[in-house]
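Reader: I have a model on screen and want to learn how to read it. Where should we begin?

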Protein chains: 2
Amino acid sequence: MLTIGKLGEAAGVKVPTIRYYEQIGLLPEAERSSGNQRLYGRKAMKRLAFIRHARDLGFTLEAIRDLLSLSDNPDQSCAAADAIARSQLVEVESRLARLTALKAELERMVVQCAGGKIADCRVIEVLGDHSLCATDHRHPETEATQ
Amino acid sequence: MLTIGKLGEAAGVKVPTIRYYEQIGLLPEAERSSGNQRLYGRKAMKRLAFIRHARDLGFTLEAIRDLLSLSDNPDQSCAAADAIARSQLVEVESRLARLTALKAELERMVVQCAGGKIADCRVIEVLGDHSLCATDHRHPETEATQ
DNA sequence: CTTGAAGCTATAGTTGCTAGAGACATTAGG
DNA sequence: CCTAATGTCTCTAGCAACTATAGCTTCAAG
């Protein structure tokens, strides 16, 4: 049995984050020692590693909640898990596209900055005038909402 | 002179966001009409467009605050603005690298999912075991913090 | 047996907004 | 000129996903 600190260390998750996951119901309430401290076994360790890994892959806690409940019922079809992963992939692809455009724009800004006075600074100038941009770089959320 | 709604429409920024920017001091307090409604001129419009554009490029509000104060003092050297833009570029590049790895991992997960039962689902399996991953895909923040 | 680290709870703060309530201002139509 | 609809006002609370703080208790090492 591990204390919360050991568990956090092992899984690469900070202690308050583990308590937070318990609070929002992603982790079940932990067993307690005689002195009221949380104790974790192998199962909790695996569940936390799952959560951590999914977070690393960019899944939201809501998506993870769904994936965990799927994982708890191994007899169901995996279509739902597949759908969640696919939608996450779409998400990532769109962010990737946007970031690529941003990178190009920032590079242009930085390269063109001659190191003179602010009055002639390309960085400030470009930020003040979108028409100086070569690429489209809007937030997808701005359109996607609804 | 524009009302807050017209300004928001023109700049592509929602009305409460404009009030929020004023509240946190990114925009100066607006003039008011006789009926206490905010009125904006050309200068405010430009400033808001600057903010909006910088946000689109992923700058934080703190960075934008710095950029704006630079832009307000055109006689200074533009080294600071350049540094902010460069650090933003570094940020974007690192997110880009990480997202690229994520994309590869998600693609692997999704492709390998045969569409059977959860018990055999690659998505769930991979999430449960990082060693099944081909690439490194951690949050940079986790390391970068301090 | 004492001390310092690690644990506990509870609350508040972070970033960048967004949503709601309830009251006042403005504008278009009849 | 009155009314209805829309716009604006302030204020507060909420979102994700934690992180930090305060003030306490418990545990492990020397």
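Reader: Which residues are the closest to DNA strand C, and how many surround it?

Author: This is a predicted model. A residue is near a strand if one of its heavy atoms lies within 4 Å of it. Here 19 residues surround DNA strand C. Gly5(A), Arg19(A), Arg38(A), Thr17(B) and Arg55(B) are the closest.

Reader: What part of DNA strand C lies within 4 Å of the protein, sugar or phosphate on one side or bases on the other?

Author: Sort the DNA atoms within 4 Å of the protein. For DNA strand C, 90% of them belong to sugar or phosphate, and the rest to bases.

Reader: Which protein atoms are paired with phosphate oxygens of DNA strand C?

Author: A polar backbone atom of Arg38(A) is 2.7 Å from one. For Leu61(B), a polar backbone atom is 3.5 Å away from a phosphate oxygen. Lys14(B) uses its side chain: an N or O atom there is 3.4 Å from a phosphate oxygen. Two elements give two or more residues to this surface: helix H1 (4-11) of chain A and helix H2 (15-23) of chain B. H2(B) gives the most, with 3 residues.

Reader: How do the residues of that surface divide?

Author: Into 10 polar, 5 charged and 4 nonpolar.

Reader: How are chains A and B related?

Author: Two copies of a chain are related by a rotation about an axis and a shift along it. Here a turn of 180 degrees and a shift of 0.0 Å lay chain A on chain B, with an RMSD of 0.2 Å. The two copies are thus related as by a two-fold rotation axis. In chain A, Leu96(A) comes closest to that axis, its C-alpha at 3.3 Å.

Reader: Why do the copies meet through the same surface?

Author: Because 100% of the interface residues of chain A are also interface residues in chain B.

Notes:
Residues are numbered from 1 along each chain as its sequence is written. Chains are lettered from A and ligands numbered from 1 in the order in which they are written. This is a predicted model: local features need pLDDT of at least 70, side-chain atom pairs count only at pLDDT 80 or more; totals for chains, interfaces and linings use all residues. Side-chain values use heavy atoms; hydrogens and water are left out. Copies are superposed by least squares on the C-alpha atoms of residues with pLDDT of at least 70 in both. Contact means heavy atoms within 4.5 Å. A polar contact is a pair of N or O atoms within 3.5 Å; within protein, one must be able to donate a hydrogen and the other to accept it, and residues adjacent in sequence count only if both atoms are side-chain atoms. Helices (H or I, at least four residues) and strands (E, at least two) are DSSP runs, numbered from the N terminus. Ala, Val, Leu, Ile, Met, Phe, Trp, Tyr, Cys and Pro count as nonpolar, Asp, Glu, Lys and Arg as charged, and the others, Gly among them, as polar.
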